[in-house]
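Me: I'm new to this structure and would love a close look at one part of it. Could you pick a place where two helices pack together, and then show me what surrounds it?

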Amino acid sequence: MKLLKIFVPIILLALTVYYCSTVPITGRSQLSLVSASEMNAMSFQQYTDFLNQNSLSTNKNETAMVKRVGANIQRAVETYFNQNNLSQELDGYKWEFNLVESPDVNAWCMPGGKVVVYTGILPITKDETGLAIVMGHEIAHAVAQHGAERMSQGLLQQLGGVALSIAIKDRPQETQNLFMTAYGIGSTVGVMLPFSRTQESEADHLGLIFMAMAGYNPNAAVDFWIRMSQVGGQKPPEFLSTHPSDETRISDIKKELPEALQYYKK
Ligand SMILES: [Zn+2]
């Protein structure tokens, strides 16, 4: 018995140390050859390049809506992370929300809070609440570090598991291509590393909580995903590549709604 009393704390301590290297929020174990600061540095550079190469929407109302929803979700994320003692995870974030003129039904959030919404998705989001579903989902991918996970998978496949700092130094072009591929931007669209089913489910789940905390009714997510499932051939890589079938996704969201609604104050 005495031995047990000594060993149990040691085992618990070992487990605590072990789990410290897992994903925040979900606790899921995640391949990481990439540090957050390395990802943010690449992200900020690529985001600037992307905005230089693409046109911002000239629609003042829609642009203001994207910035408003983004700021509301940013506040929700910061509150959520603060409540869960994870504020340091958002260190180095430089949030930005831009609406880009493009027929693509797409949106994404790069590491460090760099968001782009394409005008092509607005007919499907329909209103501000619909936009909050998309932006909540994309921001959830970023704060759960799914991009770093995809980048790590790409490094593993293409450069044999070398750490990003070494990859950037030795093979900068390949590294940049991998980053672009992880986000489905640039000339290599179509070979984007898909988000896994697990990542998609995490983004849906967290996205519902973030939108609810931001003041948007998460019940709207069911109708939104039904509309998205009807987009068909025009679905962008991010939404097309999602492994959960539309029916699975919608039924999972229905199960998560009671939890999300606890965060929703009218
Ligand atoms: Zn997604």
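Reply: The axes of α3 and helix α9 (residues 197-213) come within 8 Å and cross at roughly 110 degrees. The two helices, α3 and α9, are therefore roughly perpendicular to each other. Please keep in mind that this is a predicted model.

Let's see which residues meet there. From α3 come Ile-73, Ala-76, Val-77, Thr-79, Tyr-80, Phe-81 and Gln-83, and they meet Leu-206, Ile-209, Phe-210 and Met-213 of α9.

Thr-79 is a good place to pause. This residue lies in helix α3, which covers residues 60-83. Is Thr-79 buried, exposed or partly exposed? Its relative accessibility is 35%, and because buried means under 20% and exposed means over 50%, Thr-79 counts as partly exposed. The side chain of Thr-79 reaches the backbone oxygen of Arg-75 at 2.8 Å. Thr-79 and Met-213 are 134 residues apart in sequence, yet their C-alpha atoms are 8.7 Å apart in space.

Now follow some of the other residues from this meeting place inward. Ile-73, Val-77 and Phe-210 are among the residues with the most contacts inside the largest nonpolar core, as are Val-117, Met-135, Ile-139 and Val-143; this core has 50 residues. Helix α5 gives the most to it, with 9 residues. Take Ile-139: leaving aside its neighbours within four places in sequence, this residue is in contact with Ile-73, Val-77, Trp-95, Phe-97, Cys-109 and Val-115. There is also a second, separate core of 21 residues, which includes Met-39, Trp-108, Tyr-118 and Leu-178.

Phe-97 and Val-115 lead us on to the sheet, since Val-115 in β3 is the bridge partner of Phe-97. β1 and strand β3 (residues 114-118) run parallel and are joined by 5 bridges. The open sheet has 3 strands in the order β1-β3-β2, with mixed pairing. β1 (96-100) and β2 (107-110) each have a single partner strand and stand at the edges, so one side of each is left without a neighbour in the sheet. From one strand to the next, the twist averages 15 degrees.

Finally, look at the helices lying across these strands. Helix α5 (residues 128-143) lies across β1, β2 and β3, at about 35 degrees to β2. Helix α2 (residues 36-53) also lies across β1, β2 and β3, and runs at about 30 degrees to β3.

Notes: Residues are numbered from 1 along each chain as its sequence is written. This is a predicted model: local features need pLDDT of at least 70, side-chain atom pairs count only at pLDDT 80 or more; totals for chains, interfaces and linings use all residues. Side-chain values use heavy atoms; hydrogens and water are left out. Two strands pair if DSSP finds at least two bridges between them. Helices (H or I, at least four residues) and strands (E, at least two) are DSSP runs, numbered from the N terminus. Axes are lines fitted to C-alpha atoms, for helices over the stretch in contact, and angles run from 0 to 180 degrees between N-to-C directions. Contact means heavy atoms within 4.5 Å. Buried means under 20% relative accessible area, exposed over 50%, partly exposed in between (1.4 Å probe, protein chains only). A polar contact is a pair of N or O atoms within 3.5 Å; within protein, one must be able to donate a hydrogen and the other to accept it, and residues adjacent in sequence count only if both atoms are side-chain atoms. A nonpolar core is a set of buried Ala, Val, Leu, Ile, Met, Phe, Trp, Tyr and Cys residues joined through side-chain atoms within 4.5 Å. Angles under 35 degrees count as roughly parallel, over 145 as roughly antiparallel, 65 to 115 as roughly perpendicular and the rest as oblique.
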